[in-house]
Amino acid sequence: MKRLLGYGLIVVVAAFILLAAFYFLFPESVFKFAVDAQRRSADLVKKEVQVDDHRIVYLEGGKGETVVLLHGFGCNKDFWTAFAKYPKGYHWIIPDLPGFGESSQVPTDRYDRESQVERIDRFVKGLKLDKFHMAGNSLGGAITATYGAKHPEKVLTLALLDTSGVPSQKKTEFVMELEKGNNPLLPQNMDEFDRLMSLVYVKPLPMPSSFKKILAADWFAHREFNKKIWDECQPFNASKYSLLPILPMIQAPVLILWGDQDKLFDVGSVASLEKNLKNYKTVILKDTGHCPIMEKPEETAKAYMDFLKEKI
C-alpha cells in the first residue's frame, strides 16, 4: 500500500511539473486556452462575417432577445466575456469593432465614429437583426449612443458605460496626460502599459505576469493602427466628437452606468448625459474605474439585467 501511495504521489508531482513546464514554455497556448475557457463558460462561439471590405469577427451565444455589445478603444470582444456569463435568457452578439481585435484593419478606410456606426449597421443587417438592445463601454458607448440616435427604429434600449464624448468640468489624469502631449492609450513599453492599466482600473486585474506581457504585446503591435483610429475619432475635439447634440434624438430608454473612480472620463460626465436624455436610469458603481465590465463584471451584469427587466 505504501508503495502504491508513493507511486501515486510521484504521478501527481510529475503531472504538476509537466503542467508548470508547459505554462512557462508555451504561455501563448495557455493564454489562448484561458480565453477559450472563458468563452465556453459564457456559452459564446466565435464567428465571422464579411461587411463590404471588412471581415468582422464576433462572439455569439444564448437565446432570447438580442443584445449587441460594443467594446472600447484598443480593446476587443473578449472584454465582455466575463460579463456575458452572468445574465441568462438573452442572445449575445459581441463584435470586434472594425479596426480592432481580429476584425479587419483597412488602412485606406476611415474609422471616425460615424463611419463605425454605419459599419455596425451593415453588420447587424448582415446578421438579419431587426430589433435589439445595444450597450457600449467607452468608445463603444459613443458608438452606441450615435447608433441609437441615427437608427431609433432598431434599438429597444441603450446602455452607456463610462462613455466617451461627454464633457465634464473636472479634468481627469488621462486628460492632463493628453494636454502634456502624452497619450496613455498608445503605450510603447511595459512601463507605459502599466500606467495605462493604473488609469483604467482601481485595482490591477489578477493575472499571471506572462498573460500581462501577452496583452501588452498586443497593444504594442497595434499601436500605429490605433493611432490612426484615435486621430480620426478625435475624441477630445468638442466641436466634432461631443455626443451632446445628438442625445436628444435618442428615443429608447438609456442606462447610464459609470465607475465612481473613472480616471479617463470623470463621473461628472453623468450630469451632462442626464440633462440631455429623455428617458434614463443612472447607476454609479463604487470603487470602480473606467472598465466595469472587466473590473466588476457580475455587479455590472446585475445592474444591466435589472434595467432590462424594468424596460421590458
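**Strands, helices and a buried leucine**

In this predicted model, a good place to begin is Lys-47, whose bridge partner in β2 is Tyr-58. This pair belongs to a longer ladder: strand β1, residues 45-51, and strand β2, residues 54-61, run antiparallel and are joined by seven bridges. The two strands form a hairpin with two residues between them, and in this hairpin Asp-52 adopts a positive phi near 55°.

From the hairpin, the view widens to the sheet. Eight strands make up an open sheet with mixed pairing, and their order is β1-β2-β4-β3-β5-β6-β7-β8. The edges are taken by β1 and β8 (280-285); each has a single partner strand, so one side of each lacks a neighbour in the sheet. From one strand to the next, the twist averages 20°. In a regular strand, side chains alternate between the two faces of the sheet.

At the β8 edge, the pairing can be followed in detail. Strand β7, residues 254-259, runs parallel to β8, and six bridges join the two. One residue pair to look for is Val-254 with Tyr-280, its bridge partner in β8. Helix α11, residues 269-276, lies across β6, β7 and β8, and runs at about 170° to β7.

Another helix, α5, lies across β3 (65-70), β5 (132-137) and β6 (155-161), running at about 145° to β5. Helix α5 also meets a helix. Two packed helices are described by the angle between their axes and the distance between the axes. For α4 (residues 113-126) and α5 (residues 139-150), the axes come within 9 Å and cross at roughly 70°. The two helices are therefore roughly perpendicular to each other, and their crossing is right-handed. On the α4 side, the contact involves Arg-113, Glu-114, Gln-116, Val-117, Glu-118, Ile-120, Asp-121 and Val-124, which meet Ala-142, Ile-143, Thr-146, Tyr-147 and Lys-150 in α5. By character, the residues of this contact comprise six nonpolar, two polar and five charged.

Finally, a loop residue deserves a look. Leu-185 sits in the loop between α6 (173-179) and α7 (190-200). Its relative accessibility is 8%, so Leu-185 counts as buried, the cut-off being under 20%. Leaving aside residues up to four places away in sequence, Leu-185 touches Phe-73, Phe-174, Leu-196, Trp-219, Trp-230 and Leu-264. The C-alpha atom of Leu-185 is also separated by 8.6 Å from that of Asn-226, a residue 41 residues apart from Leu-185 along the chain.

Notes: Residues are numbered from 1 along each chain as its sequence is written. This is a predicted model: local features need pLDDT of at least 70, side-chain atom pairs count only at pLDDT 80 or more; totals for chains, interfaces and linings use all residues. Side-chain values use heavy atoms; hydrogens and water are left out. Two strands pair if DSSP finds at least two bridges between them. Helices (H or I, at least four residues) and strands (E, at least two) are DSSP runs, numbered from the N terminus. Axes are lines fitted to C-alpha atoms, for helices over the stretch in contact, and angles run from 0 to 180 degrees between N-to-C directions. Angles under 35 degrees count as roughly parallel, over 145 as roughly antiparallel, 65 to 115 as roughly perpendicular and the rest as oblique. A crossing is left-handed if the near helix is turned anticlockwise from the far one by less than a right angle, and right-handed if clockwise. Contact means heavy atoms within 4.5 Å. Ala, Val, Leu, Ile, Met, Phe, Trp, Tyr, Cys and Pro count as nonpolar, Asp, Glu, Lys and Arg as charged, and the others, Gly among them, as polar. Buried means under 20% relative accessible area, exposed over 50%, partly exposed in between (1.4 Å probe, protein chains only).
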